[in-house]
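Got your viewer open? Here is a short tour, one selection at a time.

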Amino acid sequence: MDWNLLGISFITVFLSELGDKSQLAAIALSGQGQSRKAIFFGTAAALVFTSLLGVLAGGAVAQLLPTRILKTIAAIGFAVLAIRLLLPENEDDRAS
């Protein structure tokens, strides 16, 4: 097992999941005072399952496209999202 890759994967997912919508949903569910164990195991299983789907999909795509192209596509995608977030919102766009 590649322990370096395991650590990088853990840190990346841990930091990216802090404060996201699923964590807020878990907080809201646990605030109802019901079984916290069930909420923990349910949310943990959901995260594991979505991670499994991501790994399987990533492995399938990696067999079709070279790593350099995948990284380029990801970089362009993130750049487009960043530009869209930085641009001021148009009033006409919000009305439609």
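Which backbone nitrogen does a side-chain oxygen of Asp2 reach at the start of α1? Select Asp2 and Asn4 to find out: the oxygen comes to within 3.3 Å of the backbone nitrogen of Asn4. Keep in mind as you click around that this is a predicted model.

Now colour the whole of helix α1, residues 3-17. With 15 residues at 1.5 Å a residue, α1 should span 21 Å, and its end C-alpha atoms are indeed 21 Å apart, so the two figures agree. Carry on past the helix and you come to Gly19, which follows α1 and has a positive phi, near 75 degrees.

Next, show the surface and look for the largest pocket, which holds about 560 Å³ of space. Its lining is made up of 18 residues. To land by its centre, select Glu17, Ser22, Thr43, Ala44 and Leu47, the lining residues that lie nearest to that point. Try colouring by helix here: α1, α2 (21-30) and α3 each put at least two residues into the lining, and α3 gives the most, with nine. Switch to colouring by residue type and the lining splits into 11 nonpolar, four polar and three charged residues.

Last stop: Gly42, in helix α3 (residues 36-64). Is Gly42 buried or exposed? Somewhere in between: its relative accessibility is 41%, so Gly42 counts as partly exposed. Finish by drawing a distance from its C-alpha atom to that of Ala26; the two residues are 16 apart along the chain, and the atoms are separated by 9.2 Å.

Definitions and conventions:
Residues numbered from 1 in each chain as written. Predicted model: local features only at pLDDT ≥ 70, side-chain atom pairs only at ≥ 80, totals over all residues. Heavy atoms only, no water. Helix = DSSP H or I, 4+ residues; strand = E, 2+ residues; numbered from the N terminus. Buried < 20%, exposed > 50% of the residue type's maximum accessible area, 1.4 Å probe, protein only. Expected span 1.5 Å × (residues − 1). Polar contact = N/O pair within 3.5 Å; in protein donor to acceptor, adjacent residues only side chain to side chain. 1 Å grid on protein atoms, 1.4 Å probe; cavity = no way out; pocket = protein on both sides within 12 Å on 5 of 7 lines; lining within 4 Å. Points joined across faces, edges and corners; volume = space filled by probe spheres on them. Nonpolar A, V, L, I, M, F, W, Y, C, P; charged D, E, K, R; others polar.
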